[in-house]
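Welcome! Let us work through a few exercises on a protein and the ligand that goes with it.

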Amino acid sequence: MLASEKLRAVVTGASRGLGFEVCGQLARAGHQVVLTARELARAEAAARSIGPGVEAAELDVTSGESIAGFAKRLGPIDALVNNAGVSLRGFDASVVRNTLAVNFFGPLHVTQALLPLVSDGGNVVLVSSGMGELSVYSSALRAHFLDESLEVEGLVALVEEFERDVSTGRHTARGWPTSAYRVSKAALNALARILAKKNPRLHVNAVCPGWVRTDMGGQSAPRAVDAGAAGIVWATTLGAGEPTGGFFRDRKRIPW
Ligand SMILES: NC(=O)c1ccc[n+]([C@@H]2O[C@H](COP(=O)([O-])OP(=O)(O)OC[C@H]3O[C@@H](n4cnc5c(N)ncnc54)[C@H](OP(=O)(O)O)[C@@H]3O)[C@@H](O)[C@H]2O)c1
C-alpha cells in the first residue's frame, strides 16, 4: 500500500474519545472508515456526526459472537485500529478478568478474525500505553515478555498466569504489578511484536497516544485528543518499507 492511497479502516471502541477522533481524522483525509461501537445506535450517531465516508457497525470486542458476525459482514479492509479499552477502578480477580477481556483478549480475537480481510501492506494498530512499561516487573517476567521466541500461545499463558496469581493472592511475590491495566498494555506491546513477525505482509505496531483528555484520561491530562489520535492515524496509514513490530509514541519508537 502506498501511504498516499485511500484506505478502508476499521476502528474499535469509536463511539467517543480517541477512537472517535481517529475516525474523524481518517475520514477528513479521504479514507473510508468503519466506525464500530458496542451499541449500533451509538455507532450510527457517531458516524453521522463525522459525515460522509463513515460506516457504522456494532462490535463488542469481548464477544466471540459479535466479532464473528462483524467479520462475516465486513469485506476487505486495509487497516484495523484496536482502540477499545477500559481502565477500571480497584484491583481484584474480577477487575483483572474484565480488564484483560477488553484490553488484551479483545484486540487479540478481533485481529485474529479480521487478519484474512486485511490487504497486503495493510496496517494493524494496537492502541497501548506508556503504562505497559516493564520496569515494574520482576526480571524473570520482564525477560518473558521480551523473549523473541514468545508466540501467541505463550503470551496468552503468561497473561493467564497473572490472572491465576491474582486470584491466589501471589501476584506481588511473583513480581507482577498491582495493575490489570499495566499488564494488559505490556501484553499488547508483546503481541504487536509477535503478530508482526508472523505476518510479514502487514505492518503491526503498538502506539501510545500519550496522556490525553478523554473520559479515560480525565480533564487534567496535558494532551488534546487530536494530538493523541495523530500518532494512531500515522500508524494506520504506514506504507511500504515503514516499521513493523514496534511500540511508538508521536511517530517515534519508544522502549517499554
Ligand atoms: N486517554 C488516555 O490518556 C490514554 C492513554 C494511553 C492509552 N489510552 C488508550 O487509548 C484507547 C482509547 O482510550 P480513550 O481515552 O479514548 O477512552 P474512553 O474515552 O474511555 O473510550 C473508550 C472506548 O472503548 C469502548 N469500549 C469499552 N469496552 C468495549 C467493548 N467491550 N467493545 C467495544 N468497545 C468498547 C468504549 O465504548 P462505550 O462508549 O460503549 O463504553 C469507548 O468508545 C484505550 O485503549 C486506552 O487504553 C488512552
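The exercises below look at the ligand and its surroundings. This is a predicted model, where local features need pLDDT of at least 70, side-chain atom pairs count only at pLDDT 80 or more, and totals for chains, interfaces and linings use all residues. Residues are numbered from 1 along each chain as its sequence is written, and side-chain values use heavy atoms, with hydrogens and water left out.

**Exercise 1.** Find which residues come nearest to the ligand.

*Solution.* Start with the shell, where a residue counts if one of its heavy atoms lies within 4 Å of the ligand. There are 29 such residues, and R38, N83, Y181, V212 and T214 come nearest. Next, sort the shell by class: 12 are nonpolar, 11 polar and 6 charged (Ala, Val, Leu, Ile, Met, Phe, Trp, Tyr, Cys and Pro count as nonpolar, Asp, Glu, Lys and Arg as charged, the others, Gly among them, as polar).

**Exercise 2.** Work out which ligand atoms R38, R42 and D60 approach.

*Solution.* Take the side chains one by one, looking for pairs of N or O atoms within 3.5 Å. For R38, a polar side-chain atom is 2.6 Å from a ligand oxygen. In R42, a side-chain N or O atom lies 2.9 Å from an oxygen atom of the ligand. D60 instead has a polar side-chain atom 2.9 Å from a ligand nitrogen.

**Exercise 3.** Name the helices that supply at least two residues each to the shell around the ligand.

*Solution.* Helices here are DSSP runs (H or I, at least four residues), numbered from the N terminus. Checking them against the shell gives α1 (17–28) and α7 (180–198).

Terms used. A polar contact is a pair of N or O atoms within 3.5 Å; within protein, one must be able to donate a hydrogen and the other to accept it, and residues adjacent in sequence count only if both atoms are side-chain atoms.
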